[in-house]
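Visitor: I am new to this structure and should like to learn how its features are read. May we go through them one at a time?

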Amino acid sequence: MTAFRAIVRVTILQLAGGKRAIGFSVLAVVPAALLLVAARAREFEGLDTDLGALLVAPFFSVIIPLTALILGGAALGDERRDKTLSFLVLRPISRWKIAAGKALACSVVSSGFAALGALALCLAWVVMGGSMGILPAIVAGSTIACVIYSSAFVLLGNVTSRPTLVGLGYILFVESFLTGELPRLAWASPWRIGLGATLELMPGSFPARALLGALGEWVPSVSNALIAGGATALVTVAICTLLLLRTDAV
Amino acid sequence: MNPTVEVRGVSKWFGTKVAVSDISCSFGPGITGLLGPNGAGKTTLLRMIAGLLRPSEGSIRVSGADPGRDTSVYRRMGFVPEDDAVYGFLSARGLVRYAAELSGSDSSSEAVDGALARVNLLEAADRPIEQYSKGMRQRAKVAAALVNDPLLLVLDEPLNGADPVQRAVLISIFQELAAEGRTVIVSSHVLAEVERMTDRVIAVLDGKLAAAGGIRAIRHAMIHIPHRVRIESDEPRRLATALLATPAVVGLHFKEGGFEVETSDLSALGTALPRVAYEASIRVTRFEPVDASLESVFRHLLRIRR
């Protein structure tokens with residue numbers, strides 16, 4: 001497993017190093033900052049539960065997909081662009097280790113930034129009079145969403161030279177527009193899956209009703225989310241492995 | 001002794017473009033220069049040997065195994081691509097360690113430092129590679145290729161971008177590796193560069209094998225193939241008439257204020273011209289071979305092979 005660990009370690013360095021770390025950290029805390037600004041603007045006195053709950057939704061529907069998209073697209077996409085992929089494939093290691101290592105590293109990094117955002121959101125929530133009790137639920141839900149997005153976008157980075165553009169198209173068209181028109185497609189929306197799991201895990205005091213509106217008809221459970229996360233990761237890693245076996249494409 | 005790499009009837013085409021056409025050759029211990037002008041098919045051939053490309057036709061065996069299917073060949077193979085393909089955010093030490101871990105070889109500090117020392121990169125080993133000069137990057141890539149103690153080293157234009165001092169360092173490293181009994185394949189489009197490393201060459205042109213063997217044959221061909229030379233002087237017609245009596249001159253025609261001579265012996269013409277010009281009191285203002293490139297030599301060799 002030395003090679004697998006090495007791929008994960010170097011990919012984490014690749015994705016989370018330098019300016020990227022600053023950029024994604026700032027992006028992750030934007031919902032928390034907005035929450036505080038909006039609360040001040042309303043001259044709130046005490047807990048404005050609906051406002052706080054509503055800001056959890058953009059954290060899931062905007063921040064997590066964007067973070068995972070850019071990181072996932074770069075995990076293998078940067079290797080292709082910089083022509084370093086030969087450094088990986090000309091080794092006595094199975095291709096699945098490369099695909100799985102990339103997906104795992106990307107999941108770890110995007111979940112890390114999401115956890116930072118979740119922490120900031122919870123601190124803002126505490127400032128408004130809420131409790132930190134919502135943190136584990138948001139972290140768990142966002143991690144599931146990050147795993148699904150990361151594994152899918154790592155694959156995307158392996159099949160197109162413009163993963164960010166294609167991924168953005170998916171987020172805007174399928175997840176935002178199409179799922180709004182056809183609620184049955186909600187299963188194809190990772191952030192809804194993560195948010196559904198979060199709602200199930202939230203303490204009873206959290207005003208979940210405001211978020212149910214964001215989810216629509218289908219509210220995935222934690223078990224649904226875990227199955228979706230595991231299945232997506234397995235399928236995308238398998239496809240990515242097959243693509244990496246096509247030597248001429250490297 | 002069996003060759004380390006055997007290339008049998010290999011062709012490679014991309015759509016309608018034929019990059020390599022029916023090449024058969026072998027590479028054994030020592031340095032072999034893969035020589036040819038840019039676009040000749042060297043990189044495609046090397047990428048097939050490394051297993052990055054699959055031949056459209058024919059077969060390649062590295063230590064008896066198919067590099068496209070059997071990843072175990074990479075345990076003892078090092079590949080240095082032409083592209084600037086390095087992880088700029090890693091240090092050279094990090095890159096070499098990563099290579100060792102991926103290859104399943106010794107990734108201890110001693111092994112990593114040993115590979116870095118071999119390319120004289122120990123002092124700068126902890127700086128990010130993105131801060132390196134082109135030559136230092138090449139050396140970092142070579143160190144990463146050496147860390148798994150390869151029997152076969154495939155180097156695609158490894159001297160590109162390196163300054164003269166770094167070229168000398170890299171060449172001596174390759175020669176040391178070859179002296180240890182490793183098979184080193186070095187591609188280049190510069191004859192003089194290959195000549196400094198080895199006498200054994202495989203020359204390719206337009207995807208075909210133009211020559212295989214000693215570099216002297218190519219040098220000899222460079223002198224003895226028909227050449228065209230442009231000559232300009234204050235009295236071109238009189239000089240041309242005088243030169244026609246020289247045995248080295250095969251043909252001659254006037255062109256834009258001067259004339260072009262076709263010669264079978266470039267050095268003989270070079271010796272005869274000053275004498276003829278002096279005797280006829282004519283001033284020569286220009287003497288320039290029109291087609292003395294390596295490519296023209298390879299084209300000639302290719303014609304001979306046919």
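**Reading the predicted model**

Guide: Let us begin with a helix packed on strands, bearing in mind that this is a predicted model. In chain B, helix 1 (residues 42–50) lies across strand 3 (30–35), strand 5, strand 6, strand 7 and strand 8 (200–205). Its direction is at about 150 degrees to that of strand 6 of chain B.

Visitor: In what order do the six strands of the open sheet in chain B stand?

Guide: Strands of a sheet pair through backbone hydrogen bonds, and the pairing is either parallel or antiparallel. Here the order is 5-6-7-3-8-9, an open sheet of chain B with mixed pairing. Strand 5 (77–80) and strand 9 (208–214) of chain B stand at the edges; each has a single partner strand, so one side of each is left without a neighbour in the sheet. From one strand to the next, the twist averages 15 degrees.

Visitor: How many bridges join strand 6 to strand 7 of chain B, and do these strands run parallel or antiparallel?

Guide: Strand 6 (residues 152–156) and strand 7 (residues 183–188) of chain B run parallel and are joined by five bridges. To follow the pairing residue by residue, start at B:L153, whose bridge partner in strand 7 of chain B is B:V184.

Visitor: Which strands are the edge strands of the open sheet with the order 2-1-4 in chain B?

Guide: That sheet has three strands, and its pairing is antiparallel. Its edge strands are strand 2 (17–27) and strand 4 (57–62) of chain B, each of which pairs on one side only. The twist here averages 20 degrees from one strand to the next. Seven bridges join strand 1 (residues 5–14) of chain B to strand 2 of chain B, and these two run antiparallel. One position to locate is B:V5, which stands opposite B:F27 in strand 2 of chain B.

Visitor: What should I look for in helix 7 of chain A?

Guide: An α-helix has 3.6 residues a turn, so residues three or four places apart point the same way. Helix 7 (residues 135–159) of chain A has 25 residues and reaches 36 Å from its first C-alpha to its last, close to the 36 Å expected at 1.5 Å a residue. This helix of chain A is mostly covered, with 20 of its 25 residues buried.

Visitor: How many residues of chain A are in contact with chain B?

Guide: The contact involves 21 residues of chain A and 22 residues of chain B. On the side of chain A that touches chain B, the elements giving two or more residues are helix 1 (2–16) and helix 5 (85–89) of chain A. The largest share, six residues, comes from helix 1 of chain A. By class, this side of chain A has ten nonpolar, seven polar and four charged residues.

Conventions. Residues numbered from 1 in each chain as written. Chains lettered and ligands numbered in written order. Predicted model: local features only at pLDDT ≥ 70, side-chain atom pairs only at ≥ 80, totals over all residues. Contact = placed C-beta atoms within 7 Å. Helix = DSSP H or I, 4+ residues; strand = E, 2+ residues; numbered from the N terminus. Nonpolar A, V, L, I, M, F, W, Y, C, P; charged D, E, K, R; others polar. Pairing = 2+ DSSP bridges. Axes fitted to C-alpha atoms, helices over the stretch in contact; angles between N-to-C directions. Expected span 1.5 Å × (residues − 1). Buried ≥ 20, exposed ≤ 12 C-beta atoms within 10 Å, placed from the backbone.
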